[in-house]
Amino acid sequence: MTLLSVRDLRVSFPTSDGVVRAVRRLSFDVEAGRTLGIVGETGSGKSVTALSLLGLNPGADISGSALFEGRDLLTLGADEMRRVRGADIAMIFQDPLSSLHPYYRVGWQISEAIRAHARVSRGEAMSRAVDLLRLVSIPQPERRVSAYPHELSGGMRQRAMIAMALALRPKLLIADEPTTALDATVQAQLMELLGAMQEELGMALIIITHDLGLVASAADQVLVMYAGRAAEKADTTSLFYSAHHPYTRGLLGSIPGATGAGGRLVPIHGNPPSLINLPRGCAFHPRCEFAMDVCVREQPDLAPVTGGPGHESACWLPPEMVGVAPAVDDARRRHAARRGRASLGRPAPDAQTVGGAATHD
Ligand SMILES: Nc1ncnc2c1ncn2[C@@H]1O[C@H](COP(=O)(O)OP(=O)(O)OP(=O)(O)O)[C@@H](O)[C@H]1O
Ligand code: SF4
Ligand SMILES: [Mg+2]
């Protein structure tokens with residue numbers, strides 16, 4: 001059953017330098033009880049997408065729809081949205097210190113979150129806060145409930161954030177880079193914890209991350225974002241074994257061992273584009289080793305490819321050119337050569353960009 005259905009989401013920020021087109025015509029679904037991984041490099045619009053769903057992007061121009069159990073989150077009034085936040089949809093923010101208030105004890109913050117949505121006494125809410133800290137494996141929860149955020153380690157603060165997010169047993173939890181800045185062991189423990197919580201509460205999960213390796217173990221579906229748009233969507237297995245979009249292929253190349261290239265890391269060359277002056281056509285073309293003339297002229301939309309059911313990619317390469325094997329890359333290169341190869345990311349910058357982005361966004 002579909003819990004959240006986002007269609008044609010566009011988010012832009014008017015700034016003194018121009019309009020930042022952070023999210024462009026993005027559509028995706030989240031199924032009840034399942035996990036969607038949203039991946040992409042820095043600045044690809046992952047956090048802006050999540051914050052827009054929760055009404056936390058003041059100053060942004062937002063359009064499209066985001067149906068959550070039939071209600072459009074993008075049109076909810078402030079009071080309704082406050083009720084949804086926490087009780088129906090909870091979020092673990094990228095920076096735990098930004099949502100744990102430094103002046104208040106952790107237990108107080110969790111218990112107040114509970115009391116904001118449920119009629120329970122202070123004592124009852126505090127004892128639930130202790131239970132939640134125990135649930136997220138914080139040692140000595142009776143003592144830690146009285147700690148201030150700065151008295152906890154980074155890993156423990158993340159756990160306290162998870163406890164706060166779980167306080168109201170949400171139907172959907174959005175975890176924005178839940179494990180960045182934590183060491184690998186704590187990362188693994190936290191992901192395990194989230195998985196266990198998901199099973200216990202039956203909640204759906206959106207995991208936002210740079211790290212494709214993380215989604216491999218945790219997600220059922222993956223949405224790859226590039227420059228505010230969906231580059232590729234697939235179930236996790238199809239994405240890992242039958243990637244189509246050269247950007248996804250590049251992300252996979254940066255995971256040791258994923259490409260069968262003997263564990264060699266193959267970084268994607270170049271940098272993400274300016275969201276004020278987006279490249280014309282496919283926004284990835286200046287960095288794409290398979291770029292063709294058509295890629296510079298026209299922006300591809302998501303279309304089905306042969307990796308698996310529901311697998312879609314926004315790329316002009318033929319739909320059957322899926323996979324990360326060297327032979328598939330050769331086929332991509334041969335195809336690009338036949339179709340008229342773009343002069344790879346080397347044209348003068350003003351030939352590549354159209355001020356204020358492609359008009360058909
Ligand atoms: N309030 C704002 N005003 C102007 N631009 C903004 C604002 N908020 C975000 N942006 C821009 O929108 C783009 C997308 O930002 P976003 O935070 O969603 O990226 P991200 O994919 O989450 O990156 P990261 O992986 O670094 O967290 C960035 O270029 C960012 O600078
Ligand atoms: S082949 Fe073309 S459309 Fe596909 S990612 Fe490269 S530049 Fe974009
Ligand atoms: Mg972010």
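The following exercises, each with a worked solution, concern the predicted model shown above.

Residues are numbered from 1 along each chain as its sequence is written, while chains are lettered from A and ligands numbered from 1 in the order in which they are written. In this predicted model, local features need pLDDT of at least 70, side-chain atom pairs count only at pLDDT 80 or more, and totals for chains, interfaces and linings use all residues.

**Exercise 1. Confidence and overall composition**

Determine how confident the prediction is along the chain, and describe the make-up of the chain.

Solution. Begin with pLDDT, the predictor's confidence in each residue, from 0 to 100. Its mean over the chain is 87, and 89% of the residues reach 70 or more. Next, locate the weak stretch: over residues 345–360 pLDDT stays under 50, and the model has 21 contacts beyond four places in sequence for this stretch. Here two residues are in contact if their C-beta atoms, placed from the backbone, lie within 7 Å. Where pLDDT is low, the predicted coordinates should not be read in detail.

Then turn to secondary structure, for which helices (H or I, at least four residues) and strands (E, at least two) are DSSP runs numbered from the N terminus. The chain has 14 helices and 12 strands. Of its 361 residues, 44% are buried. A residue is buried if 20 or more other C-beta atoms lie within 10 Å of its own, exposed if 12 or fewer, and partly exposed in between, with C-beta atoms placed from the backbone. Finally, among contacts between residues at least 6 apart in sequence, 63% join residues at least 24 apart.

**Exercise 2. The shell around ligand 1 and helix H1**

Identify which element gives the most to the shell around ligand 1, and establish how that element is placed in the structure.

Solution. A residue is taken as near a molecule if its C-beta atom, placed from the backbone, lies within 6 Å of it. There are 16 residues around ligand 1, of which Phe13, Ala22, Thr42, Ser47 and Val48 come nearest. At least two shell residues come from each of S1, strand S2 (18–31) and helix H1 (46–53). H1 gives the most, with 3 residues.

For the classes, Ala, Val, Leu, Ile, Met, Phe, Trp, Tyr, Cys and Pro count as nonpolar, Asp, Glu, Lys and Arg as charged, and the others, Gly among them, as polar. The shell around ligand 1 holds 5 nonpolar, 10 polar and 1 charged.

As to H1, it is largely enclosed by the rest of the structure because 8 of its 8 residues are buried. Lys46, Ser47 and Val48 are among them. After H1 comes glycine 55, with a positive phi near 65 degrees.

**Exercise 3. Aspartate 176**

State whether aspartate 176 is buried or exposed, and list its contacts.

Solution. Aspartate 176 is found in strand S7 (residues 172–176). Because 20 other C-beta atoms lie within 10 Å, aspartate 176 is buried. Leaving aside neighbours within four places in sequence, its contacts are Ser47, Ala50, Met91, Ile92, Phe93, Gln94 and Ile208. Methionine 91 is 85 residues away from aspartate 176 in sequence, yet the two lie 7.4 Å apart in space, C-alpha to C-alpha.

**Exercise 4. Positive phi outside glycine**

Compare the settings of aspartate 8 and glutamate 69, two residues with a positive phi.

Solution. Most residues other than glycine have a negative phi. Aspartate 8 has a positive phi of about 50 degrees, and glutamate 69 likewise has a positive phi of about 50 degrees. Aspartate 8 is in strand S1 (residues 2–15), whereas glutamate 69 is in the loop between strand S4 (61–68) and strand S5 (71–72). Aspartate 8 is exposed, with 11 other C-beta atoms within 10 Å; glutamate 69 is partly exposed, with 15.

**Exercise 5. The packing of H4 and H5**

Describe how helix H4 packs with helix H5.

Solution. Helix H4 (residues 106–117) and helix H5 (residues 122–135) pack at an angle of about 120 degrees, their axes 8 Å apart. Axes are lines fitted to C-alpha atoms, for helices over the stretch in contact, and angles run from 0 to 180 degrees between N-to-C directions. The contact includes Gly107 and Ile110 of H4 and Ala125 and Met126 of H5. By class, the contact residues are 7 nonpolar, 2 polar and 3 charged.

**Exercise 6. The shell around ligand 2**

Give the nearest residues and the classes of the shell around ligand 2.

Solution. Of 14 residues around ligand 2, Cys282, His285, Cys288, Cys295 and Cys315 come nearest. The shell has 12 nonpolar, 2 polar and no charged residues.
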